[in-house]
Amino acid sequence: MVESTRREVLKGAAAAGAGALALPGCAAQPFPGTLGGADWQRGHRVRDGRFPAPQGRAEEAAVVIAGGGAAGLAAAWRLKDAGFEDFVLLELEDAVGGNARSGRNAVSAYPLGAHYLPVPNREARALRHMLHGFGMIVGEEDGAPVYDPYQLCADLEERLLWRGNWQEGLYPASGLSTEDIAQRDRFFREMAGYRDAVGADGKPAFAIPRAGSSTDPRFTALDGLSFARWLEARSFTSPVLRAYLRYCCRDDYGTEPEHISAWAGVHYFAGRRGWAARGDGDRELTWPEGNGRLGALMGKAVAPHVRSGHSVFAVAREGEAGALVSAFDHAAGVTRQWRGRTVIMAMPHFVAARIAPAETVKGALRYAPWVVANVTVNRQPRGRGSALAWDNVSTGSESLGYVVATHQSASAGEGPTVLTWYMALSREDPVAARKLMMTRPLAEWQRIVADDLLTMNPDLAGAIERIDVWRWGHAMVSPAPGFLSDPARLAAIAAKPPVLFAHSDLSGLSLFEEAHYRGVVAAEAALAHLGHPFESLA
Amino acid sequence: MVEPEAPTGGAEDGAPASLAVILLVSVLVVATCGLVYELLAGTLASYLLGDSVTQFSTVIGTYLFAMGVGSYLSRHVRSNEIGVFVRVEILIAALGGWSAAGLFLLFPLVEDFRIALYGLVVAIGVLVGLEIPLLIRILRYRFAFRDLVSNVLTYDYIGALIASLLFPLVLVPQLGMIRTGFAFGLANVAVAIALLLVLRGRQKVSADLAAALIVLLSLVAGLAGADRIQRWSEVAFYGEPVIYARSTPYQRIVITRRGEDLRLYLNGNLQFSTRDEYRYHEALVWPVLGRVANPREVLILGGGDGLAAREVLKDPRVAHVTLVDLDPEMTHLFRDEPTLARLNGGSLAARRTTVVNGDAFRWVRQARGRYDAILIDFPDPTEFSLGKLYTESFYREVARLLGPAGVLTVQSTSPLVAPRSYWTVASTLEAAGLKARGYHAYVPSFGEWGFTMAGHQPPGDAVRLPAGLRFLSQASERAMFDFPPDMARRPAPVNRLDNQALVRSFAEEWGRYDG
């Protein structure tokens, strides 16, 4: 689907006429491409109601999973792994995967959202078990898991455009004042201290899954203020350090340091203790299609149970016996019902609150909007300094840089590739940003993406073949100050069968590991409720 | 338009006497410059296109003819000869000054270099042809006709002598062709500026002066940036006449020829020289084939020039060669271009050969065959993308494709220049579960060069070599396995996808060597 209007074509011709005078790359030229995103027409229809009356009798299922993102798929995978088959998964979109979805063109597969999974911590047992099953863990050495080297991010992992030069790594390495260096070293020393810290309850201060973290007030007190305020209080004022931390917050949470909890800010640096043989603990797993690989493998494992294109619009509890789930089948244009003895609400909290208002509690969860653009280029980016890396970031850009889709799959250094460009719309208020996101036309997005990319890599002038833009209105939950005690979260965590919740919102951190954990916990609660034997992985 | 009969440029018109001197000096200068541009074009043509007799002959012929055209055209200049002369000088300064730099830069970019070359030769020739007739006309009232012709032609020929002596003895060796062009362009523009300064009071010169200053600045900038231009211009970089240059989506292929020596460069790195490539390819192929009882299926990874395949096909026991090379343009070139196909004996078009164009990193992962011998001949690990082809993960896939009694070899950079990088290949093959053994050969174009042999069983000493090899004998083959202390095995890391140890040590060791 190429959105090419007459006006764009005319503009293109005018630009070509002026081309003799224009500098290369400056001429406004339309690119082929598509404008996509989470299907908010379907989403808003759920919000606005007006679905036809159900047809036929409700189908019976022991477990109904509403939502096929990472959490819903993890729940389904967990049921299946326990040998439990009596479940159905309903997904609003035509494809499962949620944030972990992907696209593909003639050049490469590419992510539409999340694009990597850090080597999981020791405590992420269920996730490790799944990665084993997917062939991502290939053995054991000295008791630690060995990850498939093809799926660990290959060197060179990261580079940063800083003061006109590309350098290896994401922290600026040159032009630092002694104060910059002192603050940097103090910051990372403090973070290392938090990483190794253990609370009075014997749990690590910061864990992934988050639920494994200590509740020692020594650490949870950090949730009382914003990360920015905490940094001020600790006299972390170095502009280089602050710019780096802002990048980190936007990259992991889609939000500015002023709007996230200090607990979440520290968690970013202190939560990861990846456990792997051969010193691979600090590595990431990644694939050309990003976490689309994980979404697709989970989807494949439970494919017979998946009903996509079904908008769940109502979940009504029927006492202790179960709940009635109503969903609109978009292909057939009819409403269908399922009667589940347990229902797992695997969706963001703001959606769950509309579908099952009686089961949810009002909270203050906010969501960050993101734009992801996949830019097909006919040659690889270059630049002065460091060679092309997997993740390429510029200190001078409001975007979060780009990852190279063919980084893992090929060795060919010069050929075409797809660059996945990320932008968290964190400057604006989320509601205004979502409005902007929905109304801005494709050509304007393409211009923003191309301008940003060509500023980072002027060498790509003339190399861009198409730009496909994907919009996420509610890409990730923002761990705002106070999120640890948010009533909506706590109520969803405490829910008991027959209606359970599974989503990274329950953790307050939009990470694949968290979504997976919440899916597994909900599935195991369902299994326990139904009396199906299993060995807990949570 | 009536040609003014009244003397407009005569000594009587109040013009300073310095004008006559400047004009006579300018005869000397323009004559020198004119010949220098001609020599530059001829040298460049033979340098870039080969066959110097033909190139010099045609360039000089074209140039002289164009000068004739210029002389003929001079009749259409009916007034203000001196103004026209100044403009001609400015134009020659720009064109001639930039000629060498421009041709070097243009060479890899244009489809037909000859059009650019002869276009420039004609343009400069026409302009130079205008100079002497105009000068004679300008000076016609200052000298008696007899003296005038004598003076002008004397200076003209002296200038030619100066140029022809300076060019080979001083200019090319000391300045190089690019700087020479700029320097003589400056001489031309200096003549123009000197004349404009003298004429200042008598006619409007500001526009011409501005043009002259712009040209002057561009030439000074060119002179100052000559080193950078030289670097951009790969022709100057190779130092040998380039006979083929092409950018494919994967690499830059350049082939140079000097006399009988043909060389292939990929991304500026020498891949072979026809003078000694037999040493390299015999060392790559025969120690492996000579250790395999029955090498029926042979796999070559890289080696798109077909030279390794040529050696392999000499072995009648080989039933089939599979060659995997990334770049279709490379294998097509070496299959279809007669000169190059002769070098590899038509190995890429042979019935026993199957050429696969694909990324070897991907190809080995999905390949299902079993090979008795595998020859791995990739470019040096200068970048991360190439470094992937030297990793443990890659060798594990290769090991899967190697038959139980099969032997493989890997070109593994210089054990003398980069010993740690060299032995990293052995460490990595061993980490992939193979038994590795290093050997090395002297290849003059490369220096001391290393290979690493490996198999599921430790490769032994016994080797059967065919008759008729130029480099390898039983004795010289045995000697390749001996490593003197400066190249001896040392601890080296395993090169993995997520550490790329080899790319880093390779850059460090060669960086130190290259200074």
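These are my notebook entries on a predicted model with chains A and B.

**Entry 1: confidence**

I began with the scores for the whole complex, where the predictor gives an ipTM of 0.74 and a pTM of 0.74. Then I took the chains one at a time. Chain A has a mean pLDDT of 91, with 94% of its residues at 70 or more. For chain B the mean pLDDT is 89, and 93% of its residues reach 70 or more.

Where is confidence lowest in chain A, and where is it highest? I found the low end in helix α1 (residues 6–17) of chain A, with a mean of 36. The high end is strand β3 (residues 87–90) of chain A, at 98. I also noted that pLDDT stays under 50 over residues 1–29 of chain A. For that stretch the model has 23 contacts beyond four places in sequence.

Chain B got the same kind of look. Among its elements, helix α8 (residues 234–238) of chain B has the lowest mean pLDDT, 63, while strand β8 (residues 371–377) of chain B has the highest, 98. Residues 1–14 of chain B stay under a pLDDT of 50, and the model has 14 contacts beyond four places in sequence for them.

**Entry 2: domains**

I looked up how each chain is divided. Chain A is assigned domain 1 (6–17 + 24–37 + 366–478), domain 2 (41–102 + 289–364 + 481–530) and domain 3 (155–282). The C-alpha centres of domain 2 of chain A and domain 3 of chain A are 32 Å apart. Their contact takes 10 residues from domain 2 of chain A and 12 residues from domain 3 of chain A.

Chain B splits into domain 1 (14–238) and domain 2 (274–514). I noted 53 Å between the C-alpha centres of domain 1 of chain B and domain 2 of chain B.

**Entry 3: a hairpin in chain A**

Next I went to strand β9 (residues 158–162) of chain A and strand β10 (residues 165–168) of chain A, which pair in the antiparallel sense over 4 bridges. Opposite W162(A) I found N165(A) in β10(A). The hairpin has 2 residues between the strands, and R163(A) takes a positive phi near 55° there.

**Entry 4: helix pairs in chain B**

How do helix α3 (residues 81–106) of chain B and helix α4 (residues 113–138) of chain B cross? Their axes come within 9 Å and cross at roughly 155°. That angle makes α3(B) roughly antiparallel to α4(B), because angles over 145 degrees count as such. The crossing of α3(B) and α4(B) is left-handed.

I then checked helix α5 (residues 145–199) of chain B against helix α6 (residues 206–224) of chain B. The axes of α5(B) and α6(B) come within 9 Å and cross at roughly 160°. So α5(B) is roughly antiparallel to α6(B), and α5(B) passes α6(B) in a left-handed crossing.

Which residues meet between α5(B) and α6(B)? On the α5(B) side I listed several, including F182(B), L186(B), V189(B), I193(B) and L196(B). On the α6(B) side, L209(B), V215(B), L216(B), L219(B) and L223(B) are among them.

**Entry 5: the 4-strand sheet of chain B**

I traced an open sheet of 4 strands in the order β1-β2-β3-β4 (chain B), with antiparallel pairing. β1 (242–247) and β4 (269–273) of chain B stand at the edges with a single partner strand each, so one side of each has no neighbour in the sheet. The twist averages 15° from one strand to the next.

Inside this sheet, strand β2 (residues 252–258) of chain B and strand β3 (residues 261–266) of chain B pair over 6 bridges. I picked out T256(B), whose bridge partner in β3(B) is R263(B).

**Entry 6: the 7-strand sheet of chain B**

The last stop was an open sheet of 7 strands with mixed pairing, ordered β7-β6-β5-β8-β9-β11-β10 (chain B). Why is one side of β7 (353–357) and of β10 (435–443) of chain B left without a neighbour in the sheet? Both stand at the edges, and each has a single partner strand. The twist averages 15° from one strand to the next.

Strand β9 (residues 402–411) of chain B runs parallel to β8(B), and 5 bridges join them. A373(B) stands opposite V407(B) in β9(B). I also looked up what lies across these strands: helix α15 (residues 392–401) of chain B lies across β5 (297–302), β8 and β9 of chain B. The angle of α15(B) to β9(B) is about 140°.

Conventions:
Residues are numbered from 1 along each chain as its sequence is written. Chains are lettered from A and ligands numbered from 1 in the order in which they are written. This is a predicted model: local features need pLDDT of at least 70, side-chain atom pairs count only at pLDDT 80 or more; totals for chains, interfaces and linings use all residues. pLDDT is the predictor's confidence in each residue, from 0 to 100. Two residues are in contact if their C-beta atoms, placed from the backbone, lie within 7 Å. Domain bounds come from an automatic or database domain assignment. Two strands pair if DSSP finds at least two bridges between them. Axes are lines fitted to C-alpha atoms, for helices over the stretch in contact, and angles run from 0 to 180 degrees between N-to-C directions. Angles under 35 degrees count as roughly parallel, over 145 as roughly antiparallel, 65 to 115 as roughly perpendicular and the rest as oblique. A crossing is left-handed if the near helix is turned anticlockwise from the far one by less than a right angle, and right-handed if clockwise.
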